[in-house]
Amino acid sequence: MLGRDAVEFPVAVVLPAAGCGERTGLSTPKQFCTFLNRPLISFTIETFERIPWVESIVVVVAKESHELMLQIIHQFQHAKVKVVEGGTTRHRSIFNGLQAFSESAEGPVLPRPKVVIIHDAVRPFIEEDFLLKITLAAKEQGASGAIRPLVSTVIATTSEGFLDHSLERTKYRASEMPQGFLYDVIYQAYQRCSEFDFEFGTECLHLALQYSGTSAKLIEGPPTLWKVTYKRDLAAAESIIKETLLLSACLISGAMAETIELSNRLQKNLESNHMAVDVIPCTKENNKLLLKTRNFIQISTSGASLSETEEMVKFFKESKHALLYPVVIVWVHLRMSDEASDIQTNEELTAIMDLSMKVKQGNILLYCVQIIYSKVPELWERSVARLSEITESLVRDRNPVLTGQMLQA
């Protein structure tokens with residue numbers, strides 16, 4: 001909510017992704033390397049798509065990667081993205097991306113933003129609060145950029161390969177991404193660039209200073225700003241994304257007042273343990289959201305809603321969402337009383353167990369938790385707290401042994 005309130009002007013993102021990634025030593029450009037059944041660039045795009053005040057994302061790719069990028073957009077249902085062809089150098093590609101908002105653009109012109117963010121396609125870990133700082137600083141100062149402390153001392157060598165001198169590390173910082181600009185500032189700078197800048201330049205902030213007279217506000221960023229450069233970085237990125245996936249969930253509340261109340265309480269408890277939880281009433285027409293996480297909590301008062309779970313499973317299989325990393329579905333059955341007549345029938349239990357065993361073969365872990373509604377506030381709070389603990393444990397541990405069993409909260 002803070003970002004929506006603070007950003008009352010259009011913001012766009014340009015992701016240069018036309019490089020070949022030679023330093024990874026792989027035949028596939030690193031931005032298209034796949035893990036968790038998804039290309040790296042798709043994770044980066046998703047990071048910006050989740051931010052509501054980012055209106056559009058321009059991805060700049062090499063001509064030979066254009067069709068591949070369109071396939072990625074279609075497969076993972078990226079909605080804010082326009083693909084443009086890159087140039088022979090990084091600066092040429094960024095300029096092509098900026099032209100998507102100008103009259104010289106090929107095809108439909110995107111609405112011109114007040115602030116444009118330039119970010120590396122191979123830096124998937126950008127936090128909204130830090131991006132907000134970059135965006136607001138760019139709005140006020142004309143340009144802004146992320147910096148990090150230098151890890152190693154920088155030295156200069158002689159032509160013979162001997163030490164000439166070293167720089168005092170405390171006086172210098174490493175320039176990182178993202179970088180933000182008033183659109184008019186950075187677009188004007190690129191229009192005035194020399195051929196030497198286009199061919200050999202690397203620093204956008206320097207262009208804004210040299211050709212637009214705009215000195216950037218520098219903001220120290222978090223350690224997560226690192227980018228995938230070498231092959232080993234892909235494994236590190238996969239590990240971080242896996243951990244991130246454990247901290248998010250989609251809660252399907254249903255339409256009944258009791259299930260909505262329980263979902264609100266469950267959401268509050270999970271978020272207090274640093275889990276991001278999106279709440280939707282049902283899965284119909286929410287396929288895009290279903291692809292944003294691998295953890296789902298479905299609250300129901302009867303086994304009839306298993307049909308909705310079966311539809312989810314079908315969608316996951318068709319989209320191959322669970323191919324390399326399991327999807328967790330916690331099916332929460334809310335019993336409105338503890339009378340014997342209200343106990344789930346053997347048929348419902350059998351159906352749940354059968355479905356759990358069946359979907360486990362497709363890397364989908366279906367867990368079942370039962371909670372009894374109580375009008376006694378103390379008992380109800382205790383049951384909801386237990387449900388929260390069980391749900392969080394199931395999401396984090398992903399224990400296949402517990403699938404198909406009816407756990408009690």
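Biologist: How many residues of domain 1 are in contact with domain 2?

Modeller: This is a predicted model, where local features need pLDDT of at least 70 and side-chain atom pairs pLDDT 80 or more, while totals for chains, interfaces and linings use all residues. Residues are numbered from 1 along each chain as its sequence is written, and side-chain values use heavy atoms, leaving out hydrogens and water. An automatic or database domain assignment gives domain 1 (11-229) and domain 2 (247-408). With contact meaning heavy atoms within 4.5 Å, 13 residues of domain 2 meet a set from domain 1 that numbers eleven.

Biologist: Nice! Which three residues supply 53% of the area that domain 1 buries against domain 2?

Modeller: Buried area is the accessible area (1.4 Å probe) that two parts lose on being put together, summed over both. For these two domains that comes to about 1,000 Å², 45% of it on carbon and sulfur atoms. On the domain 1 side, the trio that supplies more than any other three residues is Leu36, Asn37 and Gln77.

Biologist: And which side chains meet in a salt bridge?

Modeller: The term needs a side-chain nitrogen of Lys or Arg within 4 Å of a carboxyl oxygen of Asp or Glu. Between domain 1 and domain 2 the count is one. At 3.9 Å, N to O, the partners are arginine 50 and aspartate 278.

Biologist: What is the angle between the planes of tyrosine 183 and tyrosine 187?

Modeller: Rings of Phe, Tyr and Trp (its six-membered ring) pair if their centres lie within 6.5 Å, and planes under 30 degrees apart count as stacked, over 60 as edge-to-face and the rest as tilted. The whole structure holds eleven aromatic pairs. Tyrosine 183 and tyrosine 187 are a stacked one, with centres 5.3 Å apart and planes at 15°.
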